[in-house]
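The following note sets out points for a colleague to check against the coordinates. Each point is kept short and may be read on its own.

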Amino acid sequence: MPEIAEVSRIVSFLRKHLINRRIASVLTQDDPIVYGKVGTSGDAVAKALKGKTVLDARQQGKYFWLVMDTQPHLLMHFGMSGWLKFSNEETFYYSSNRKSKKAEDVNVSDDEEATATPKKGKGKGKSKTKSAEEDGDHTPEWPPKYWKFLLKMEGSPSCEAAFIDARRLARVRLIDAPADSMRNTTPLKENGPDPVIDKEILTSDWLLEKTRKKKVPIKAFLLDQANISGVGNWVGDEVLYNAKIHPEQYSNTLSNEQVKQLHTSLQYVCDLACGVLADSTQFPQDWLFKHRWNKGKKGEDANVLPNGEKIVHVTVGGRTSAIVPSVQKKTGPVAGDVDGNDDVETSKAKKPAKKGKRKATSEESELDEEEDGEEHVEQKSSTKKAKKATPTKKTKRNVTKEESELEEDGKEHEIVEDKPAAKRSKKTTPAKGKAASGVAEDEVKTPKSTPKRGKVEAEVKEENDAEGSKGRRRSARMSKS
């Protein structure tokens, strides 16, 4: 995700290429997420910006906006993968060896309508947005892939600005407020002070008071934009490494000296990163940023700082954090501890169980996906097997129940079973003139009445047996007397 330094880089390009220039045309691709989630649309953005003059570009943390000559103003947030490209200059802060694809054509009417849609493949109508001059050995793709809006500026040099977002987590909105009051409107007012432009607010005392009020891992505290604007994952790790603070330690357990050092490190990292416009080649060689990207890789130089200190990765607040255990010691209760135990081996011993559980869940889900393809093929056969197995179980259970009820007289069960069978055999002979189907029907119907007769006979026998036993007992008494 572009953080405070990367956004400052884009703001510098906006000031360089757009300030004091009029927007000749606006092309937009309506996106119900990028625009719609914040109450606007591509059409609304196009109508609001066309013909306007850009007066300034400003920033607060990860948010940035264009100050127009009249309201509304364009407020933007890159989300996880958003970016802003210019047709006449590369804006990325790293070099890429991948060659660009051929530019897609864009359907634009003769009077350059406010909205446009990408046209796949080659067509007769070529795009009116011209490609940039060759950069090295290839021509950059223009319009760039995943673009959401294109601003074409009047005058020379020719310049177009394209807002892109592949994952659609960026947000573009219009703020109808005076330029000087932008930071008092939503969502800017809900965000904390910016470490670079709000130094008079974000003081050491302010930070001390803020950390004392919350019991959260200090890394999570820094990432919360309601506390401080602009700090993202890599900036937060760099600040904590510089301050020698463990990311899992609770914010309210830091000493006064630790909070003071945290404030110093926050100012140092943000000022330097924004000062060089996020150009990592100008970062100090001992920064984590230079060496933190080898997670999971093996080798002598992988996850090791120039001084030999080892970098490890832990998950804090749902985010992967790069730390140097030999430098970032735990000086108080941490989020990973249950009882405040700082034993590294104990905390490591707890993690495999959680990871094993998640792995098992992942494997089960993968197996479920694989079995989905076979479900329709095996559905009929599995259903038949289930039907065959079920009656057997029910029959066994019924027999067991009857046997328990007829425990006193074992012969009664034989009468219930044997006599209906005999009667069924008599009725199997079909009547004259009846078809074979009639025979089948008789065979199905006869069991309904047969068990009743057998049951009656069994009850009669039971009564006779009971009377017989009474008579035998009377005769026995008389003989004794």
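1. T28 belongs to strand β1, which covers residues 21-28. In this predicted model, T28 has a relative accessible area of 2% and is therefore classed as buried. The side chain of T28 comes within reach of the backbone oxygen of G42, at a distance of 3.2 Å.

2. K52 deserves separate inspection. The residue sits in the loop that connects α2 (42-49) to β2 (53-60). K52 is buried, yet no salt bridge is assigned to K52. The nearest side chain of opposite charge belongs to D69 and is 5.1 Å away, whereas a salt bridge requires a nitrogen-to-oxygen distance within 4 Å, so the pair is not counted.

3. What polar partners does the side chain of K52 have? One is the side chain of T70, with which K52 makes a polar contact at 3.2 Å. In addition, a polar atom of the K52 side chain lies 2.9 Å from the backbone oxygen of A48. Leaving aside residues up to four places away in sequence, K52 touches R21, R22, I23, M68, D69, T70, Q71 and P72. D69 thus appears among the residues that K52 touches, although the two do not form a salt bridge.

4. The model contains twelve salt bridges under the rule applied. As general background, side chains of opposite charge can pair when their charged atoms come close. Three of the pairs are taken up in the points that follow.

5. R15 and D56 form a salt bridge through their side chains, with an N to O distance of 3.7 Å. This pair connects distant parts of the chain, since R15 is in helix α1 (residues 4-17) and D56 is in strand β2, 41 residues apart. R15 has a relative accessibility of 44% and so counts as partly exposed. D56 is likewise classed as partly exposed because its relative accessible area is 22%.

6. A second salt bridge joins the side chains of R183 and D198, at 2.7 Å from N to O. Both residues of this pair lie in the loop between β10 (171-175) and α3 (204-212), 15 residues apart. Are these partners buried or exposed? R183, with a relative accessible area of 29%, is partly exposed, whereas D198, at 4% relative accessibility, counts as buried.

7. K199 pairs with D271 in a further salt bridge, and their closest N and O atoms are 2.9 Å apart. K199 is in the loop between β10 and α3 while D271 is in helix α6 (residues 256-275), so this salt bridge ties together parts of the chain that are 72 residues apart in sequence. K199 is partly exposed at 35% relative accessibility, and D271 is partly exposed at 31%. Elsewhere, salt bridges with shared partners connect R15, D56, R58 and D180 in one network.

8. Two cis peptide bonds should be checked. One joins W142 and P143, with omega about -5°; P143 is located in the loop between β7 (118-119) and β8 (147-153). Another joins T186 and P187, with omega about 10°. P187 is placed in the loop between β10 and α3.

9. Which residues other than glycine show a positive phi? L277 is one of them, with phi of about 55°, and A278 is another, with phi near 65°. L277 is in the loop between α6 and β11 (312-316), and A278 is also assigned to the loop between α6 and β11. Their accessibilities are as follows: L277 is partly exposed with a relative accessible area of 29%, while A278 is buried at 3%.

10. A final point concerns the surface. M1, M80 and L169 make up a nonpolar patch, and their accessible area together is about 230 Å². Within this patch, M80 is positioned in the loop between β4 (73-77) and β5 (83-86). With a relative accessibility of 33%, M80 counts as partly exposed. Patch members must have over 30% relative accessible area, so M80 meets that cut-off.

Notes. Residues numbered from 1 in each chain as written. Predicted model: local features only at pLDDT ≥ 70, side-chain atom pairs only at ≥ 80, totals over all residues. Heavy atoms only, no water. Helix = DSSP H or I, 4+ residues; strand = E, 2+ residues; numbered from the N terminus. Buried < 20%, exposed > 50% of the residue type's maximum accessible area, 1.4 Å probe, protein only. Lys, Arg positive; Asp, Glu negative; His and termini not counted. Polar contact = N/O pair within 3.5 Å; in protein donor to acceptor, adjacent residues only side chain to side chain. Contact = heavy atoms within 4.5 Å. Patch = residues over 30% accessible without salt bridge, like charges linked within 9 Å, V, L, I, M, F, W, Y side chains within 5 Å. Areas by Shrake-Rupley, 256 points an atom, 1.4 Å probe, with all protein chains shown as cover.
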